[in-house]
Amino acid sequence: MKPFMDQNFLLSTETAQRLYHEYAEVMPILDYHCHLNPQEIYEDRKFENITQVWLGGDHYKWRQMRSNGVEEQYITGNASDREKFQKWAETLEMAIGNPLYHWSHLELKRYFGYDGYLNGETAEEVWNLCNEKLAQEGMSTRNLIKKSNVTLVCTTDDPIDSLKWHKKIAEDESFDVQVLPAWRPDKAMNLEKPDYLEYLAKLSDVSGIKVDSFKALIDALKNRMDFFASNGCVVSDHGLEYVMYAPVSEEEVEKIFAKRLTGETVSRQEELQFKSAYMVALGKEYHKRNWVMQLHYGVKRDNNKSIYRSLGPDTGVDCINNFAPSSEMADYLNALAENDELPKTILYSLNPVDNASIGTIIGCFQDASAIGKIQQGSAWWFNDNKTGMTEQMISLANLGILGNFIGMLTDSRSFLSYTRHEYFRRILCELIGGWVENGEYPADYKVLERMIKGISYNNAVRYFGFEL
């Protein structure tokens with residue numbers, strides 16, 4: 001029996017162990033998509049206890065605690081931090097096979113030096129150890145980033161954001177990790193939302209362009225793109241229900257937008273036409289600026305309306321949406337590619353059933369302007385587990401070129417989540433090592449080193465064009 005999470009955790013062959021320990025383990029981390037708070041980075045926040053770090057905003061954990069019958073007061077309510085931690089420890093011990101079990105223990109090992117395992121009985125020991133460590137100077141947000149060997153962070157930012165904290169970080173010579181904004185313009189697209197007109201008023205104010213037409217909307221967003229670019233932004237990100245394409249004339253989209261400006265309700269078809277025109281217009285802009293476009297889709301959000309009303313979004317009540325017609329995504333990419341206006345694009349579906357369709361679509365739009373110009377993104381959210389990551393990489397390998405994959409993203413609000421990159425790299429090396437051991441790929445370590453280091457870090461540096 002193998003020891004629990006030893007140095008060869010998830011690495012079952014000598015080749016996998018060599019690939020990980022000699023190549024993957026030593027590589028830095030490029031955090032090109034996360035939800036960290038730049039203010040907390042600038043202020044170098046220190047956490048009072050492990051509950052603040054682990055449970056403060058982690059809906060992954062909240063979801064599992066509810067599944068374990070924990071009352072909401074111990075999850076998001078007014079129970080003490082110690083009580084909440086106890087309930088999490090009692091939940092975790094039952095979560096065999098869940099990535100949270102592995103992630104939590106990797107974090108305990110790497111940041112707190114704890115080699116045991118967390119459960120209801122060891123909770124007091126772990127609580128005291130972690131809190132003692134967190135009180136030390138080296139456990140502030142900046143030090144956690146540095147300790148994790150991170151070279152660059154891209155946060156997720158709305159077009160109306162002042163980017164105040166990014167500017168302050170950039171001006172602070174004492175911190176040499178780049179923290180760049182990433183453009184997330186979902187609120188400007190979601191015209192079906194009740195507060196849409198209020199958002200447009202804010203966009204008008206910050207851009208200095210009155211948004212009274214679809215053209216003015218795009219002009220205002222271009223203005224804000226200029227501002228984001230001046231602060232180092234080269235990445236966009238969209239959270240979509242699915243990648244739709246309902247073509248519409250310029251005249252018709254202006255009519256739809258004008259209808260919404262008067263407070264009228266637009267039809268579902270008009271909504272899809274507007275969003276299609278919006279995504280085409282922004283895609284063209286990204287191409288002009290050499291920005292990378294990320295498309296995250298396949299989510300049905302806020303399903304439990306009782307929890308949503310009391311806690312708001314991103315509180316653990318989202319699920320996979322199985323409606324994502326690949327034909328429309330292909331048509332959208334083609335609408336940009338027809339006149340050579342398709343930017344570098346990363347496609348992430350929350351539904352693993354979409355792996356093969358993504359793999360075949362990206363092959364239709366590759367060209368010599370970039371290696372792996374159209375990417376299938378890393379297994380995301382409900383899929384960033386051992387099975388999901390393995391299946392995504394096998395599908396990509398079967399249908400494309402795995403060696404050009406830009407690898408893992410953190411996609412987290414926690415400063416301890418960088419162990420997810422270790423988890424991914426171990427799974428990557430186990431997969432490739434297995435193929436080598438099975439005689440499916442030669443033991444050509446010169447190429448294997450380039451491949452493993454590329455997927456771990458170098459490919460992403462090249463793809464995004466970051467200056468590091």
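## Exercises on helices, contacts and backbone angles

Among the elements that cover the buried residues of α9 are α2 (38-42) and β3 (178-180). Here, helices (H or I, at least four residues) and strands (E, at least two) are DSSP runs, numbered from the N terminus. The model is a predicted one, where local features need pLDDT of at least 70 and side-chain atom pairs count only at pLDDT 80 or more, while totals for chains, interfaces and linings use all residues. Residues are numbered from 1 along each chain as its sequence is written, and side-chain values use heavy atoms, with hydrogens and water left out.

### Exercise 1: the faces of α9

Find which residues of helix α9 (residues 164-171) are buried, and which on the other side are exposed.

Step 1. Start with the cut-offs: buried means under 20% relative accessible area, exposed over 50%, and partly exposed in between (1.4 Å probe, protein chains only).

Step 2. Trp-165, His-166 and Ile-169 are the buried residues of α9. They fall within an arc of 105° when seen down the helix axis, so they line one face of α9. The arc is that of the directions from the helix axis to the C-beta atoms.

Step 3. Turn to the other side of α9, and you meet Ala-170 and Glu-171, which are exposed.

Step 4. Here is a helpful background rule: an α-helix has 3.6 residues a turn, so residues three or four places apart point the same way.

### Exercise 2: α1 and its partners

Work out where the buried residues of α1 (residues 14-24) lie and what they pack against.

Step 1. List them: Thr-15, Ala-16, Leu-19, Tyr-20, Tyr-23 and Ala-24 are buried. Down the axis of α1 these residues fall within an arc of 130°, so they line one face of the helix.

Step 2. Look for what they pack against: α19 (419-437) and α20 (445-464). Contact means heavy atoms within 4.5 Å.

Step 3. Take α20. Its axis and that of α1 come within 10 Å and cross at roughly 60°. That makes α1 oblique to α20. Axes are lines fitted to C-alpha atoms, for helices over the stretch in contact, and angles run from 0 to 180 degrees between N-to-C directions. Angles under 35 degrees count as roughly parallel, over 145 as roughly antiparallel, 65 to 115 as roughly perpendicular and the rest as oblique.

Step 4. Check the hand: α1 passes α20 in a right-handed crossing. A crossing is right-handed if the near helix is turned clockwise from the far one by less than a right angle, and left-handed if anticlockwise.

Step 5. Finish with the residues. From α1 come Thr-15, Arg-18, Leu-19, Tyr-23 and Ala-24, and from α20 come Tyr-445, Leu-448, Glu-449, Ile-452, Lys-453 and Ser-456. This contact of α1 with α20 divides into 6 nonpolar, 2 polar and 3 charged residues. Ala, Val, Leu, Ile, Met, Phe, Trp, Tyr, Cys and Pro count as nonpolar, Asp, Glu, Lys and Arg as charged, and the others, Gly among them, as polar.

### Exercise 3: α18 against α19

Describe how helix α18 (residues 386-399) crosses α19.

Step 1. The two axes come within 10 Å and cross at roughly 50°, which makes α18 oblique to α19. The crossing is right-handed.

Step 2. On the α18 side, the contact is made by Lys-386, Met-389, Thr-390, Met-393, Ile-394 and Ala-397. On the α19 side, Tyr-423, Phe-424, Ile-427, Leu-428, Leu-431 and Trp-435 take part.

Step 3. Sorted by kind, the residues of this contact are 10 nonpolar, 1 polar and 1 charged.

### Exercise 4: two unusual backbone angles

Locate Asn-149 and Asp-314, and say whether each is buried, partly exposed or exposed.

Step 1. Recall the background: most residues other than glycine have a negative phi.

Step 2. Asn-149 is not a glycine, but has a positive phi of about 65°. Asn-149 sits in the loop between α8 (141-147) and β2 (150-154), and is partly exposed, with a relative accessible area of 36%.

Step 3. Asp-314, also not a glycine, has a positive phi of about 55°. Its place is in the loop between α15 (305-311) and β7 (319-320). With a relative accessible area of 29%, Asp-314 is partly exposed.

### Exercise 5: one residue in α14

Which residues does Glu-285 touch, not counting residues up to four places away in sequence?

Step 1. Place Glu-285 in helix α14 (residues 268-289). Glu-285 is buried, with a relative accessible area of 7%.

Step 2. Its contacts beyond those sequence neighbours up to four places away are Lys-222 and Met-225.
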